[in-house]
Amino acid sequence: MGDNIINFYAGQPPLNRVAFQRHSSELMNRNLHDPTTKFLVFKSGNPLMKKGQVGQVLYLSKEDIGDRLGKEFGAAPPDSPPDAKKIYEGSRLPQTLAALVFLGIDDRQSPTNNSSSQVEHHNPKGTAYFAIDAGSEEWDLEKLNAEFGEARASGSAMTPWDAAVFAQGRALIDWNVRNKFCPACGSNTYSLWAGWKRNCISSVEPVPGKEPCFSTKGLHNFAYPRTDPVIIMGILDSTGEKMLLGRQKSWPKGMYSCLAGFIEPGETFEDATRREVLEEAGIEVGPVRYSSSQPWPYPSNLMVGCFGRAEDGQTIRLDLDNELEDAQWFPRSTIQSVIASPTGSTFTKKDYKQLDDKSTSASDAETSAALAPSEKKSEELKPKQGELGLSRVPPGTAIAGQLIRQWAEGGLDLVSKL
Ligand SMILES: [Zn+2]
C-alpha cells in the first residue's frame, strides 16, 4: 500500500477533466467562446507569467487571445457517414493551427458526485481551462504586463493548484508540438478530441490510389499522449538510519539526490528499482515498497517513488555504468541538518539553468527526479577535490525531496514496512 501523499504537480485533482466533452466540437466551441474561460499560454514549454511576480500565472481570456485561436473545433462534412464523424470529433484543422488543449473545468464551487445525474457529470458548472501554444507568434508582452517564465523555476514557485494545471497543460502541449508526423507513414498528423488525440492526416485527406495508413486501425498507442514512468529510490541500510544518495557531475555544487532511472518495458517498479541501484551504485537491494507518485511535466514523466532496503556490508561501485560522480550512505542526522539549513534546498535561477542546459539526455532520469535531466560523459566524471561535500538535497516539490524528507523526518517506520 502506498503512503497516499499528494505530491507537488499532482492534484486532488485540480480540474474536472470532463473527458466526455473532448469528443464534442459543439461543447468545446461553447467553452472556447465563454468569456470566463481561461487560457494558459506556453512558448517553448515556458508558461506565461505576470511580469516580475514569481510563481504568478497569467491566465488569458478569449479576448486577450484574439484571432490567435484560428478556427474553431471542426466537425465532419454534413453528408458524412456516422463512422467518418468520429475522425472530426474535437478536431483542429488545418493541422497547422496552434496546439490547443482542453484541460477541464474548475468545478470546485459545485462538484459532481456519485448521486449527480449523467447530464450534470457531462456538463459540470465552473470555469473552463485551455492550454495553447504561442508558437513563433509575437505576443505583446508589454501590453499584457507579462513574461514567459523559465518552466522549472516558474512551476516550482506556483501554488500547488496552479502547478497541477500547469503540469497537465505543459505535458499536453509538448506532446502535441512534438508529434507532428505519423509514426506509421510519415504524413502530417492533426489534433482531435480537443488536443487529447492525434491522427494521421490521411484519415481526413485520403490520397487517391493509396492504401489507408495502418495507424488508422488496430491496436496501437501512436495516437495518445504518453506518460513515461521513472522510478525514484530511497534506498535504506538494514537499520533505516542511512540512505543511499548520489550526485552527477553536472549538478549544482553540493547537491545529492535519490538514485533514479526509467522503468524499461517488461519491468515492474520493484525490478526497475533493483536494476537501477545495481547499475549505478553496485548495491543489491532486497525488499522494495511503493510510496507515492508524481506527474513531472519535463516533458511527460510519471515519477514513481519507492523505498528499498539493501543488505549491509556491500561496497558502493560507480564503475558499472559510470553514471554518477559520487554515491554515499548518509546518516539521518546529516540529512536532517541539511534540510534544516536555510540553503539546504535552495536553488537559484542559475542552478535551474545549469540543470536545464544539461538536460539533453532522455535516458537520464536522476536529474528529472531531482530537478531536471542531464547528460554525462565519462571523462567529466572524475571528481574534483573538495566538491563532493553534501550541502543540498532536492526541494520537497520534487519526489526525491519528498522521499528524503519522509525518511529524515521519521514520519514512517520505513524499515518495518520493508
Ligand atoms: Zn499515417
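This passage walks through the fold of one protein, from its overall build down to a few single residues.

The structure is a predicted model, and the confidence is a sensible place to start. The average pLDDT comes to 88, and 90% of the residues score at least 70. One stretch stands apart: residues 372-387 have a pLDDT below 50, and in the model this stretch makes 38 contacts beyond near neighbours in sequence.

As for overall build, the chain folds into 13 helices and 13 strands. For 418 residues, a compact globule would be expected to have a radius of gyration near 22 Å, and the protein comes in at 23 Å, so the two agree. Along the principal axes, the C-alpha atoms fill a box of roughly 75 × 50 × 50 Å. Buried residues account for 41% of the 418. Looking at contacts with a separation of 6 or more, 72% of them link residues that are 24 or more positions apart.

The protein splits into two parts, with domain 1 running over 19-178 and domain 2 over 228-417. Where they meet, 9 residues of domain 1 are in contact with 12 residues of domain 2. On the domain 1 side, helix 6 (151-157) and helix 7 each supply at least two of the touching residues. Helix 7 gives the largest share of that side, with 5 residues. This helix covers residues 160-178, and its 19 residues reach 27 Å from first C-alpha to last, close to the 27 Å expected at 1.5 Å a residue. Helix 7 is also mostly covered, with 14 of its 19 residues buried.

Turning to the later part of the chain, an unreviewed UniProt entry carries the annotation "domain: Nudix hydrolase" for residues 225-353. Over that range the chain is 21% helix and 36% strand, and its end C-alpha atoms sit 27 Å apart. Helix 8, at residues 269-281, falls within these bounds. Its 13 residues should span 18 Å at 1.5 Å a residue, and the end C-alpha atoms are indeed 18 Å apart, so the helix matches expectation. Buried residues in helix 8 are Ala272, Thr273, Arg274, Glu276, Val277, Glu280 and Ala281. There is a general point behind such a list: an α-helix has 3.6 residues a turn, so residues three or four places apart point the same way. The cover over the buried residues of helix 8 includes strand 8 (228-236), strand 9, strand 10 (259-262), strand 11, strand 12 and strand 13 (326-331). Right after the helix comes Gly282, with a positive phi near 70°.

Strand 9, one of the strands in that cover, spans residues 242-247 and holds Leu245. Leu245 has 27 other C-beta atoms within 10 Å, and since 20 or more is the cut-off, this residue counts as buried. Setting aside neighbours within four places in sequence, the contacts of Leu245 are Tyr256, Ser257, Cys258, Ala327, Gln328 and Phe330. The pairing with Ala327 bridges a long stretch of chain: the two are 82 residues apart in sequence, yet 5.5 Å apart in space, C-alpha to C-alpha.

A few spots in the backbone also deserve a look. In general, most residues other than glycine have a negative phi, and most peptide bonds are trans. Against that background, a cis peptide bond joins Leu93 and Pro94, with omega about 0°. Pro94 lies in the loop between helix 3 (82-85) and strand 3 (100-106). Another cis bond runs from Tyr298 to Pro299, with omega near 0°, and Pro299 is in the loop between strand 11 (285-296) and strand 12 (301-310).

Positive phi values turn up in residues other than glycine too. Val18, found in the segment before helix 1 (25-33), has a phi near 35°. Asn145, in the loop between helix 5 (141-144) and strand 5 (146-148), has a phi near 55°. How do the surroundings of these two look, buried or exposed? Val18 has 22 C-beta neighbours inside 10 Å and so counts as buried, whereas Asn145 has 11 other C-beta atoms within 10 Å and is therefore exposed.

Terms used: Residues are numbered from 1 along each chain as its sequence is written. This is a predicted model: local features need pLDDT of at least 70, side-chain atom pairs count only at pLDDT 80 or more; totals for chains, interfaces and linings use all residues. UniProt positions are given in the numbering used here, feature names are shortened, and annotations may be inferred rather than shown by experiment. Helices (H or I, at least four residues) and strands (E, at least two) are DSSP runs, numbered from the N terminus. The radius of gyration is taken over C-alpha atoms; the globule rule is 2.2 Å times the number of residues to the power 0.38. A residue is buried if 20 or more other C-beta atoms lie within 10 Å of its own, exposed if 12 or fewer, and partly exposed in between; C-beta atoms are placed from the backbone. Two residues are in contact if their C-beta atoms, placed from the backbone, lie within 7 Å. The expected span of a helix is 1.5 Å times one less than its number of residues. pLDDT is the predictor's confidence in each residue, from 0 to 100. Domain bounds come from an automatic or database domain assignment.
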